[in-house]
Amino acid sequence: MLKRIFSSLLFLFFILSCNSQKSVVTDENASAISENTKVSNHTNPKLVVGIVVDQMRYDYLTRFYNKYGDGGFKRMIKEGFNCRNNHFNYVPTYTGPGHASVYTGTTPKYHGIIGNNWYDKEQKTMVYCAQDDTVSSVGTTDDAGQMSPNRMKTTSFTDENRLFTQMQGKTIGISLKDRGAILPAGHTANAAYWFHGRDEGVWISSTFYMNSLPQWVSDFNASEKAASYFKVWDTYYDISSYTESGPDENTFEGGFRGKEKATFPYDLAQLKDENRGFDILKATPYGNSLTTDFAIEAIKGEQLGQDSITDVLAVSYSATDYVGHNFGVSSKEIEDTYIRLDKDLERFFEFLDTEVGEGQYTVFLTADHGAVEVPAFLQSMKIPSGYLDNSETRTRFTDYLNRKFKSSDFIENISNDQIFLNRRYIDSLGLHINQVQESIVNELISYKHVEKVFSAHTMTTTNFTTGIESLLQNGYNQKRSGDIILVADPAYISYGKTGSTHGSGLNYDTHVPLLFFGKGITHGETYQKTVIPDIAPTISALLGISFPNAATGQPLGFVIDKN
Ligand SMILES: [Zn+2]
């Protein structure tokens, strides 16, 4: 007690001498003062909120800028730091790898999340990035909760914050998608929650985290909040003012079952039965509103940001991805979804201001990948683009193998633009794996719309530092990836003729927003190139904690307020 009084007095003395006696302090005192001031200023944010907007291209910030209000995206830009040339530095640009890379500060080469689904060479079957058959669902009776981060091999900054604070700082992950909640929250999370649609419409978890849902989650699930969004989805502003997107009626959009045209308005109460019940909400902006509602309840229910030990809330907004896949980059639906997400962000930040305190929390916002304009639309604009005919390629490739090797049985799997070979079988034929890989590379490169082909041998014996090759290498995990890697022509995709998708190393998939704002963040912007793995080391540096164990990114010192 005495000690505390003494140090308070000392502090008071320093403050007084700072304000009124500057001219008489000696050099020695001055350095003690500045040191003391520094220490008293170096308090960490009470809460770090990581926001990933699924499938958010960089140009959604700029294209819809004049439609945004002052409290959402614009507030982050006006008060915080805007990295305007931020990219993914690996292929493939999918949701699982994206979320893992943001939080681990590295790429699939090290964190091991090489796709959403991939062919497991040991189990000889396709696996899902967050699948874990050793755990059980919590909050539902079906298997939608059998999930954990077990396939992610490295730590996240959320893990490092847990370790640093002796497990006192909490981590909660929230997303409509299981992988969007689980991978960011890391291995040591207190909880990850994701949305289970169908006829349930509830937030669930797994026994990896807990044995039963906390009361606040059960209360939320019982509140009918999700069902309240079965209403009419019409544009937020008059549709005639949506000049930043194409005509509402066109041939490039999917739409919902039970409605002939993909045009506003959408009566969700009427459409839900034909579109998997509560799952329809995921493909509307209301999925993001529901995520915001739940994130706010999580902060209250878990008392996040209420003491001096930093907590982390990882929120991923997934509805943007479902809308993009369904309607495409230039649709009115995408524009409305971002206008409404901006409103949700404003509501969220206002809540944080009152609940945690303005200037007491730090937020970063980025995406897990971008998206290509609908190729059919690009074609109508004379831009080279199109669709890959996989069945034709497969037939021609099989014919080639039979001709060349008298067998095509050594192809185990083709997925994520990679070919997996049966090495044991190749051995038994008296062939060498490197030779087989090389022959296949030379065959496939002659196929239409195949721009590049690389062998695993090349990936592991060459050090690429630039271009698409380096992105492939950053995405290449020697233990998990395939024997042959294919790269298609720009804007050529394996997808239906409506809606957008993603996965490539081209700018439309790699260029995404990166915004920081709040405690410890300076105001500014840069066009200097930053990459997704820089985010976790930046947050680690801000908090003064260890970097994630395999982080390859660099802390962005220029975003951190040094005062
Ligand atoms: Zn997607």
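**Exercise 1.** In which sense do β13 and β20 pair, parallel or antiparallel, and over how many bridges?

*Solution.* The model examined here is predicted. Tracing the two strands side by side shows that β13 and β20 pair in the antiparallel sense, over 4 bridges. One position to inspect is Thr362, which stands opposite Gly518 in β20.

**Exercise 2.** Determine how β2 pairs with β20 and with β21.

*Solution.* Begin with β20: 2 bridges join this strand to β2, and the two run antiparallel. Here Asn82 has Leu515 of β20 as its bridge partner. Turn next to β21: β2, which spans residues 81-83, pairs with β21 in the parallel sense over 3 bridges. On this side, Phe81 has Gly524 of β21 as its bridge partner.

**Exercise 3.** Place these strands in the sheet and identify the edge strands.

*Solution.* The sheet is open and consists of 10 strands, in the order β6-β9-β8-β7-β12-β1-β13-β20-β2-β21. The pairing across the sheet is mixed. The edge strands are β6 (137-138) and β21 (524-526), each of which pairs on one side only.

**Exercise 4.** Which strands do helices α14 and α22 lie across, and at what angles do the helices run?

*Solution.* Consider α14 (residues 332-357) first: this helix lies across β1 (47-53), β12 (311-317), β13 (361-367) and β20 (515-518). Relative to β1, α14 runs at about 175 degrees. Helix α22 (residues 535-543) lies across β1, β13 and β20. For α22, the angle of about 175 degrees is given relative to β13.

Note on methods: Residues numbered from 1 in each chain as written. Predicted model: local features only at pLDDT ≥ 70, side-chain atom pairs only at ≥ 80, totals over all residues. Heavy atoms only, no water. Pairing = 2+ DSSP bridges. Contact = heavy atoms within 4.5 Å. Axes fitted to C-alpha atoms, helices over the stretch in contact; angles between N-to-C directions.
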